[in-house]
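Please open the model in your viewer and keep the selection tool at hand. The tour moves from a single residue outwards to sheets, helices and cores.

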Amino acid sequence: MAKLGKRTRAAREALAGKSNLSVEDAVALVKGNATAKFDETVELAVNLGVDPRHADQMVRGVIGLPNGTGKTVRVAVFARGAKADEATAAGADIVGAEDLMETVQGGKIEFDRCIATPDMMPVVGRLGKVLGPRNLMPNPKVGTVTMDVADAVKAAKGGEVQFKVEKAGVVHAGVGKASFDEAKLVENVRAFVGAVAKAKPAGAKGTYMKKIALSSTMGPGVTIDVSNATGE
C-alpha cells in the first residue's frame, strides 16, 4: 500500500471520526482542509434509496445554484438561423447544426453542456451513443431542448447544475470552490440537496436520502446529517 503524503494524512486525521455534521460544520472542515495548490472543487454526493433501472425510480433535475459553481462552463448549441445568432450573442462557445454533429461524431467534444432547439433533435438524436454516456444529451426535462436558447445558455454559464442518479443510486455535483465564503457554500449545498429532495420519484420506497457526503477534489469527505441538510 502506498504511503500517504503529509498533506493527505493531516487532512484525514482532521476529519477522522467526524460524521453526521451540520452543513455549516461540514463546509468549514472541508474548506479548511482543502490545501492543494489549486482552487479545489467542493463536491457533494447524495446516496439515494432508489433503483434507477426502474423508470419510476429515476431521479434527475436541474438547479441554479445561488452562488454559482465557480467553474467555467463551455456550452454548445445545436441551432440554425436566428436561434443560432441568439445563442452566439448569449455567449455560447460552439454553435452549429450538421457541421457540429460531424465534429462530435469525429470524437471532438469540447463542451460541458449541450443545448438544442426542438427542430434540431433529429440531428442531435444521431449522437445519442456519444453524448448519452457523458450525460450531455439535450433533454426537455432539464431545459436543454428549448426555443429559449439565450436563457438556456445564460443559465448554463451562470451556475446551473444538472443532476442524474447513477446506477449505484448516487447523485453527485460540484457545488462551488474551496475559495468561496463558507456562507455561500452552505447556501449552495442546501439548494442542491433541496432540489434532489423535490425530485423524489413516485416509485421511491423506504428512506429516500440515505447519506450525504461532502469533500474537496483532493481531500477526504465528511458526512452531513440528512435531517439538517435542506435547512427546512
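## Starting point: Ser215

Select Ser215 to begin: at 17% relative accessibility this residue counts as buried, because buried means under 20% relative accessible area, exposed over 50% and partly exposed in between, computed with a 1.4 Å probe on protein chains only. The model is predicted, so local features need pLDDT of at least 70 and side-chain atom pairs count only at pLDDT 80 or more, while totals for chains, interfaces and linings use all residues. Residues are numbered from 1 along each chain as its sequence is written, and side-chain values use heavy atoms, with hydrogens and water left out.

Ser215 belongs to strand β8, residues 209-216; here helices (H or I, at least four residues) and strands (E, at least two) are DSSP runs numbered from the N terminus. Leaving aside residues up to four places away in sequence, Ser215 is in contact with Val30, Thr41, Val42, Glu43, Pro220 and Gly221, where contact means heavy atoms within 4.5 Å.

## The antiparallel sheet around β8

Now widen the selection to β7, β1, β8 and β9, which in that order make up an open sheet of four strands with antiparallel pairing; two strands pair if DSSP finds at least two bridges between them. At the edges stand β7 and β9, each of which pairs on one side only. The twist from one strand to the next averages 25 degrees, with axes taken as lines fitted to C-alpha atoms (for helices over the stretch in contact) and angles running from 0 to 180 degrees between N-to-C directions. Three bridges hold the antiparallel pairing of β8 and β9, and Ile212 has Ile224 in β9 as its bridge partner. Add α8 to the view, and it can be seen lying across β1, β7, β8 and β9, at about 155 degrees to β7.

## The largest nonpolar core

Which residues have the most contacts inside the largest nonpolar core? They are Leu44, Leu48, Phe163, Val189, Phe192, Leu214 and Ile224, in a core of 37 residues; a nonpolar core is a set of buried Ala, Val, Leu, Ile, Met, Phe, Trp, Tyr and Cys residues joined through side-chain atoms within 4.5 Å. Two or more residues each come from α2, β1 (41-48), β6, β7 (170-177), α8, β8 and β9 (222-224), and the largest share, seven residues, is given by α8. Apart from this core lies another, of 16 residues, including Ala97, Ile109, Val123 and Val124.

Within helix α2 (residues 23-32), select the buried residues Val23, Ala26, Val27, Leu29 and Val30. Seen down the axis of α2, these fall within an arc of 165 degrees, so they line one face of the helix; the arc is that of the directions from the helix axis to the C-beta atoms.

Phe163 and Phe192 deserve their own selection, as the structure holds one aromatic pair. The two rings are edge-to-face, 5.5 Å centre to centre with 75 degrees between the planes; rings of Phe, Tyr and Trp (its six-membered ring) pair if their centres lie within 6.5 Å, and planes under 30 degrees apart count as stacked, over 60 as edge-to-face and the rest as tilted. The pair links distant parts of the chain, since Phe163 lies in strand β6 and Phe192 in helix α8 (residues 182-198), 29 residues apart. Phe163 is buried at 3% relative accessible area, and Phe192 is buried at 0%.

## From β6 to β2

From Phe163, follow β6 (residues 160-164) to β2, to which five bridges join it in an antiparallel arrangement. Gly64 stands opposite Glu160 in β6. Along β2 (residues 60-64), Gly61 and Ile63 point to one face and are buried, whereas Arg60, Val62 and Gly64 point to the other and are not.

## The parallel sheet

Finally, select β4, β3 and β5, three strands that form an open sheet in that order with parallel pairing. β4 (94-96) and β5 (113-116) stand at the edges with a single partner strand each, so one side of each is left without a neighbour in the sheet. Neighbouring strands here are turned by 15 degrees against each other on average, direction ignored. Four bridges join β3 (residues 75-78) to β5, and Val75 stands opposite Arg113 in β5. Helix α4 (residues 98-105) packs on this sheet, touching β3 and β4, with its direction at about 130 degrees to that of β3. Helix α7 (residues 149-157) also packs on the sheet, touching β3 and β5, at about 165 degrees to the direction of β3.
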